[in-house]
Structure formats: C-alpha cells, structure tokens
Amino acid sequence: MHAPTLLTHSPPPAAVAAWHCPAAPPAMIVVSRRARIRPSAAASTVTAEAVQLLLRESGLRSESLPRHVGVVIDGHLRWARARGLSVSEGHAAGRPVLERMVRLSRAWCIPALTVFVCSHENMTRPKAEVDFLLQLYEGFIRDNLDEFCREGIQLHLIGDSPGRPSSLLSAASEAHEATRSNSAMVLMLAIGYSGRRDVQRACRELAADARRGRLRPEDIDEALIAGRLGTSVAAGGGLSCPDLVIRTGGEQRLSNFLLWQSAFAELVFPDVMWPDFGEDDYLRALRTYQSRDRRFGQRK
C-alpha cells in the first residue's frame, strides 16, 4: 500500500481547538466535559475556574501536575501492521495525536513538553521511512506555527544527527524565531536526538572552555553540564528535566531519551500504540504520576 501524501496546508479554523491556559489571557478557554479539548468549533466555552473543576473531576490535582512531560512516541509500525497499512501510514496517524497532546498540555498549564520523534539511531532506518517521517514533522512545525504564536508556545528542535534535512532545520529555526518570546509553554521536538550524544557534546564544550582558560576543570559540576544539554533552552534551564516520561507501545526502556535529565523522572509505560494514545490515556498517566511518592533519594 502506498504511503499517504503529506498535507502541507494548515487545517481549517473549525478543526483547530483553542489552546488556552487559565493562567494566561484570555480567561475563557474551549473545553469539553472532563477537561477534554475537542477540535470542534461547537465546543463549549467555560471559565478558567471551570477548567480546574473539570481537572478535579478527572481525578487530577491541578497544583501538582508535572511541570515537564517527556513522551517517547512508539508503536507506529505495530499499529500499522495490525491494520494492513504501511509504516508511513502508521507515522501519519501519529501526527494528530501529537497535536491533541500539545493542546491538552497547553490547556492544563503543563509548562514544558518534550517529544521523542526519532532517535539518532532511528536515522539509519530505511531512507523512505526516514524521509517521510522528517517531512511529516516539518509539516507539523509549519502547519501549526500560527497556533504556537497565538497560544504562547515556544518551539525548539533538539538533536544533532547530521542526516536531518536543511528544510526541516529551516522550518524549526523560523518557528523558533517566531516563538522565542512566548512563555506559556515550551515544546521541544527531539528529532535525530541521542541522550548519550547530548551529554558527550556538553562535556566537549566544557572541556574546550577549560582548555581556553574560561573555567577550571574542578569547577565543572552538574549545573554546568545540565546548562549545556539540549533541554536547557526550556525556561533558561528551569524546566530542563522532565517530571514524567511516558513511553507508548508497551516497551519499558528509555531508548537513549533524555538520559541525564530523566534521572528522577517518574516513568509510565502504557500498553497502547502511539496512534491510539488518547486523552484518557494521558489522564491515566497523569494520575499515575500524582500517585507516586517522589523523594529524590531523600527520606520523608
């Protein structure tokens, strides 16, 4: 079966939900029952206070939501094969899932979201699959840029694989410039990313500074290393480490995602493929996070 054509135009206004957070104007946001954000112009409009009520009805405490969520989007191929579809169709089915997750995160006032689109190692997969995936998320950036600007979402691309096309890098650079002053939420797309390479690059930069006499080797500490990692762009480093990491598809490993930053993250592994990951699954992961006793190595 042929891979679907990648649409490069923006969706009609009626297909785009409002991504408003109660903490930022305007105070009215588009939600549906149980804090759902539906891509429909017919969605009901309620006050910011009602959002907090709807979150509580979903079993969530708004004051203890994670400040940074990381998600490893996995299961596209298994989802596609189970339906007799191509891997490209599996990837394409995952894009609207990400758009919905960004909307929900923005509406629920989660300040940072990092999405592991593909790893440095994934770049060695068949060229047709990689090319389609990178084109798909280049389209995601371009098609949603106006929404990011309106809703206060700042976009960053992290990763350093040399195989990433110049068109993707240009789209990400343009989006970053257009959104760099936004402060309601940070969205980081990890494309061609490797946690090990991230740490390696940070160490090399610090070693070069030490060689030039800009710092002493004994001055290198965790804070300096963290400040050179890809996610340090989030709120000046204040949101660089995820509180919660979700990996869809049932596999229980990080696969080289935010290795340094995830040292104290809560890990959740829902047994659902990414194209099927819905709002209820996200809510369930957030409830699991809030059920954990986070001690950071200390006794309570």
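## Strands 7 and 8

Strand 7 and strand 8 run parallel, joined by three bridges. Across this pairing, L244 faces E266 of strand 8. The model is predicted.

Strand 7 also pairs with strand 3. Four bridges link the two, again in parallel. Here V71 has I246 as its bridge partner in strand 7. Which residues cover the two faces of strand 7? L244 and I246 lie on one side, V245 and R247 on the other, and all four are buried. In a regular strand, side chains alternate between the two faces of the sheet.

## The sheet as a whole

Six strands make up an open sheet. Their order is 5-6-4-3-7-8, and the pairing is parallel. Which strands stand at the edges? They are strand 5 and strand 8 (266-268). Each has a single partner strand, so one side of each lacks a neighbour in the sheet. On average, neighbouring strands are turned by 15 degrees against each other, direction ignored.

Strand 3 (residues 68-72) and strand 4 (residues 112-119) run parallel and share five bridges. V71 is bridged to V115 in strand 4. V71 also has its partner I246 in strand 7.

## Strand 5 at the edge

Strand 5 and strand 6 (residues 185-193) are parallel, with six bridges between them. In this pairing L157 stands opposite L189 of strand 6.

Is strand 5 largely enclosed or left open by the rest of the structure? Five of its six residues (153-158) are buried, so strand 5 is largely enclosed. Yet strand 5 is an edge strand, with one side left without a neighbour in the sheet. Helix 3 touches strand 5. Helix 4 lies across strand 5 too.

## Helices on the sheet

Helix 3 packs on the sheet. Its contacts are strand 3, strand 4, strand 5, strand 6 and strand 7 (244-247). The direction of helix 3 makes about 150 degrees with that of strand 6.

Helix 4 lies across strand 4, strand 5 and strand 6. Against strand 6, helix 4 runs at about 170 degrees.

## Helix 3 against helix 4

How do helix 3 (residues 87-107) and helix 4 (residues 127-151) cross? Their axes come within 10 Å and cross at roughly 25 degrees. That angle is under 35 degrees, which means helix 3 is roughly parallel to helix 4. The crossing is right-handed.

From helix 3, the contact involves V87, S88, H91, A92, G94, R95, L98, E99 and R106. From helix 4, it involves E129, F132, L133, L136, Y137, G139, F140, D143, N144 and E151. By class, this contact has eight nonpolar, five polar and six charged residues.

## A93 in helix 3

A93 belongs to helix 3. Is A93 buried, partly exposed or exposed? Its relative accessible area is 21%, so A93 counts as partly exposed. The cut-off for buried is under 20%.

Beyond its neighbours within four places in sequence, A93 is in contact with W79 and P275. A93 and A80 are 13 residues apart in sequence, with their C-alpha atoms 8.9 Å apart in space.

## Helix 4 against helix 5

Helix 4 and helix 5 pack at about 15 degrees, their axes 9 Å apart. This makes helix 4 roughly parallel to helix 5. The handedness of this crossing is left-handed, whereas helix 3 passes helix 4 in a right-handed crossing.

Which residues meet here? Helix 4 gives L134, Y137, E138, I141, R142, L145, F148 and C149. Helix 5 gives S167, L168, A171, A172, E174, A175, A178 and T179. The contact has eleven nonpolar, two polar and three charged residues. Y137 of helix 4 meets helix 5, and Y137 is also listed in the contact with helix 3.

## T179 in helix 5

T179 is found in helix 5 (residues 166-179). T179 is buried, with a relative accessible area of 0%.

What does T179 touch, leaving out residues up to four places away in sequence? Its contacts are L145, F148, C149, I153, Q154 and L155. Among them, L145, F148 and C149 are part of the helix 4 side of the contact with helix 5.

Notes. Residues numbered from 1 in each chain as written. Predicted model: local features only at pLDDT ≥ 70, side-chain atom pairs only at ≥ 80, totals over all residues. Heavy atoms only, no water. Axes fitted to C-alpha atoms, helices over the stretch in contact; angles between N-to-C directions. Parallel < 35°, antiparallel > 145°, perpendicular 65-115°, else oblique. Left-handed = near helix turned anticlockwise from the far one by under 90°. Contact = heavy atoms within 4.5 Å. Nonpolar A, V, L, I, M, F, W, Y, C, P; charged D, E, K, R; others polar. Buried < 20%, exposed > 50% of the residue type's maximum accessible area, 1.4 Å probe, protein only. Pairing = 2+ DSSP bridges.
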